[in-house]
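Me: I'd like a close look at one part of this model: the aromatic rings, and then the packing around them. Walk me through it in one go, please.

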Amino acid sequence: MKNPVNRSTLFLTELILDLFIFIVCTAVCAGLLITAYGISRESTELTRAVYMAQTAAEEFRTGQPIGVVAEDDFVVTVDAAAANGLRTAEITVTAKDGRVLYTLTTACAEEVAVP
Amino acid sequence: MLALCAVFFLLAMGLTLLGSSVYRSTVSTSDENYTHRTALSYLVNQIRRGDVAGGVAVGSFEGADAIVLTDGSYVTYLYCWNGELRELYMEAGTGLIAEDGVPVLPLTSLTVTLEGGSIALTVTGEDGASHSVAIAPHCGVKEVGSL
């Protein structure tokens, strides 16, 4: 003899399945939101890093001695070299945790007269 | 069954709250970043455009730090006034006031200082955060005092 299928059981099963699908969708959405937040922070960090590198490049061009500068949560490192009448520098901005945020290479003539 | 409905409701509310919070934070950060980046880029590029002998000066315009770019008989003042970055382009000696400048974008304050041949620009947005950049004009920069 067949047992009749309980309507409540069917409904409950469907509800559990719906809840499971909803949990999966929630997890995906939460992951996207967290990624968006992270990208937003990275964008702000990159903007600041670019301007710090630009500042270091300008100071290098005016002949000011710069090596490693720590500012806020960033560290600006300048590797300067001179050869064949040309001064070159590689400027790297890193976060305090060691991530390289931005790298800028610049060069100028050794005899740069700044009025 | 009630427990399942309650779990569903809690998850939905949690996701909505998380989403709205993250969205608000992301938009706010994006706006702040835009203000700082645009203001500094605008000022730096204006200085580079006016980088000729005697063309770039630093001074004070009605009490506000200003960058003065001279092009022949015309002068451009870049300054912050009444919560806005403004540009005033006029013939030298016209006598226009700070209020006559064209608003460029909202900005809380602009600090301009001269440091050994470099112009240090510091902008502060409505969020209170400050960003700085230095630029050394090829043709030099002079200090003109109060205008």
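Reply: Two rings of Phe, Tyr or Trp (for Trp, the six-membered ring) count as a pair if their centres lie within 6.5 Å. By that rule B:Phe61, B:Tyr77 and B:Tyr79 are linked through ring pairs into a cluster. Keep in mind that this is a predicted model.

Across all chains, the search turns up 4 aromatic pairs. One of them is A:Phe22 with B:Phe8: the ring centres are 4.7 Å apart and the planes sit at 50°, so this pair is tilted. It also crosses between chains, with A:Phe22 in helix 1 (residues 7-61) of chain A and B:Phe8 in helix 1 of chain B. B:Phe8 itself is partly exposed, at a relative accessible area of 40%.

Then there's B:Tyr74 with B:Tyr89, which is stacked: 5.5 Å from centre to centre and 15° between the planes. This one ties together distant parts of the chain, 15 residues apart, going from strand 3 of chain B to strand 4 (residues 84-91) of chain B. Is each ring here buried, partly exposed or exposed? B:Tyr74 is partly exposed, with a relative accessible area of 35%, while B:Tyr89 is exposed, at 52%.

Now for the packing. A cluster member, B:Tyr77, is a contact of B:Ile67, neighbours within four places in sequence left aside. The other contacts of B:Ile67 on that basis include B:Leu43, B:Ile47, B:Val112 and B:Leu121. B:Ile67 is also among the residues with the most contacts inside the largest nonpolar core, along with B:Leu43, B:Leu110, B:Ile119 and B:Leu121. That core has 23 residues. Helix 1 of chain B and strands 1, 2, 3, 6, 7 and 8 of chain B each give two or more residues to it, and helix 1 of chain B gives the most, with 5. As background, nonpolar side chains tend to be buried together in soluble globular proteins.

Some of those strands belong to an open sheet in chain B, 3 strands in the order 6-7-8 with antiparallel pairing. Strand 6 (109-115) and strand 8 (130-135) of chain B have a single partner strand each, so one side of each is left without a neighbour in the sheet. On average, neighbouring strands of the sheet are turned by 15° against each other, direction ignored. Strand 6 of chain B is joined to strand 7 (residues 118-124) of chain B by 7 bridges, and one bridge matches B:Leu110 with B:Val123 in strand 7. Helix 1 (residues 2-49) of chain B packs on this sheet and touches strands 6, 7 and 8 of chain B; its direction makes about 155° with that of strand 7.

Over in chain A, the mean pLDDT is 84, and 88% of the residues reach 70 or more. Confidence in this chain is lowest in strand 1 (residues 68-71), at a mean of 70, and highest in strand 4 (residues 100-109), at 91. Where pLDDT is low, don't read the predicted coordinates in detail.

One more spot in chain A: A:Ala95, in strand 3 (residues 86-95) of chain A, is buried, with a relative accessible area of 8%. Leaving aside neighbours within four places in sequence, A:Ala95 is in contact with A:Asp73 and A:Leu101. A:Glu45 is 50 residues away from A:Ala95 in sequence, and their C-alpha atoms are 8.7 Å apart.

Notes. Residues are numbered from 1 along each chain as its sequence is written. Chains are lettered from A and ligands numbered from 1 in the order in which they are written. This is a predicted model: local features need pLDDT of at least 70, side-chain atom pairs count only at pLDDT 80 or more; totals for chains, interfaces and linings use all residues. Side-chain values use heavy atoms; hydrogens and water are left out. pLDDT is the predictor's confidence in each residue, from 0 to 100. Helices (H or I, at least four residues) and strands (E, at least two) are DSSP runs, numbered from the N terminus. Two strands pair if DSSP finds at least two bridges between them. Axes are lines fitted to C-alpha atoms, for helices over the stretch in contact, and angles run from 0 to 180 degrees between N-to-C directions. Contact means heavy atoms within 4.5 Å. A nonpolar core is a set of buried Ala, Val, Leu, Ile, Met, Phe, Trp, Tyr and Cys residues joined through side-chain atoms within 4.5 Å. Buried means under 20% relative accessible area, exposed over 50%, partly exposed in between (1.4 Å probe, protein chains only). Rings of Phe, Tyr and Trp (its six-membered ring) pair if their centres lie within 6.5 Å; planes under 30 degrees apart count as stacked, over 60 as edge-to-face and the rest as tilted.
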